[in-house]
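Hi,

Here is the structure I said I would pass on. Have a look at it first, and my notes follow underneath.

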Amino acid sequence: MRQLVRSEVESKTVQYPITYSVANPTDKNRIRRLLSECGLPTLHIHRHLKSFMVAKAGKKTVGVIGVEVYGRVGLLRSLCVDQSYRGQGIARMLNAKILAYAHMRKIDRLYLFTWGAEKFVSKLGFHKIDKKRIPNSIRSTWQFRRLSPYPVVCMMKKITD
């Protein structure tokens, strides 16, 4: 009986609490790997790393979100959570943290482009807008130029009134 209890304990996986922090240069490769696993672009992550947030379970990066700041507007990018950690509220917490960051940076509006997460991001307060309503600073981003010909959904959220 004691041996069974011991093997039961040994077979349990260790659960780490989820911690959130601003990304640093040592997170760059882990962020790229997670974005790739989630099918999201990794281009120019290094340019905006200081405005990315990461969620970690121990040393493992399990979630990421970023914002590219263009004056009073921002482009939300790269919200993703490792498949095995989904459904635990990590994406919502990352979103809350990036919204606080955007508010601190005095960003009025956040924009994003999606082709598969419209329903989810609408729950985060974003609403669909016409491409023509996107400001020039966001239109000049590589994401807009690259995605513009495709049936991508453009969304926006007001941060301040």
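How many disulfides does a search of the whole structure find? Zero. Keep in mind that this is a predicted model, so everything below is computed from it.

I did check the cysteines one by one. Cys38 is in no disulfide, and the nearest cysteine sulfur to it belongs to Cys80, 3.7 Å away. Cys80 is likewise in no disulfide, with the sulfur of Cys38 as its nearest cysteine sulfur. A pair has to have its sulfur atoms within 2.5 Å to count as a disulfide, and these two sit 3.7 Å apart. As for the surroundings, Cys38 counts as partly exposed, at 24% relative accessibility, whereas Cys80 counts as buried, at 5%.

Now the sheet. It is an open one with seven strands, in the order β1-β2-β3-β4-β5-β7-β6, and the pairing is mixed. At the edges you will find β1 (18-22) and β6 (127-129), each of which pairs on one side only. From one strand to the next, the twist averages 30 degrees.

If you want a spot to zoom in on, try β2 (residues 52-57) and β3 (residues 60-70), which pair in the antiparallel sense over six bridges. For example, Ala55 has Gly63 in β3 as its bridge partner.

Two helices that pack on this sheet are worth a look:

- Helix α2 (residues 28-37) touches β2, β3 and β4 (73-81), and its direction makes about 95 degrees with that of β3.
- Helix α3 (residues 90-104) touches β1, β2, β3, β4, β5 and β7 (153-158), with its direction at about 30 degrees to that of β3.

Last, the aromatics. What does a search of the whole structure find in the way of aromatic pairs? One pair. It is made by Phe113 and Phe144, whose ring centres are 5.8 Å apart and whose planes are at 50 degrees, so the pair is tilted. Phe113 lies in strand β5 (residues 109-114) and Phe144 in helix α6 (residues 142-147), so the pair ties together parts that are 31 residues apart in sequence. Are these two rings on buried or exposed residues? Phe113 is buried, with a relative accessible area of 14%, and Phe144 is buried too, at 8%.

Cheers

Note on methods
Residues are numbered from 1 along each chain as its sequence is written. This is a predicted model: local features need pLDDT of at least 70, side-chain atom pairs count only at pLDDT 80 or more; totals for chains, interfaces and linings use all residues. Side-chain values use heavy atoms; hydrogens and water are left out. Rings of Phe, Tyr and Trp (its six-membered ring) pair if their centres lie within 6.5 Å; planes under 30 degrees apart count as stacked, over 60 as edge-to-face and the rest as tilted. Helices (H or I, at least four residues) and strands (E, at least two) are DSSP runs, numbered from the N terminus. Buried means under 20% relative accessible area, exposed over 50%, partly exposed in between (1.4 Å probe, protein chains only). Two strands pair if DSSP finds at least two bridges between them. Axes are lines fitted to C-alpha atoms, for helices over the stretch in contact, and angles run from 0 to 180 degrees between N-to-C directions. Contact means heavy atoms within 4.5 Å.
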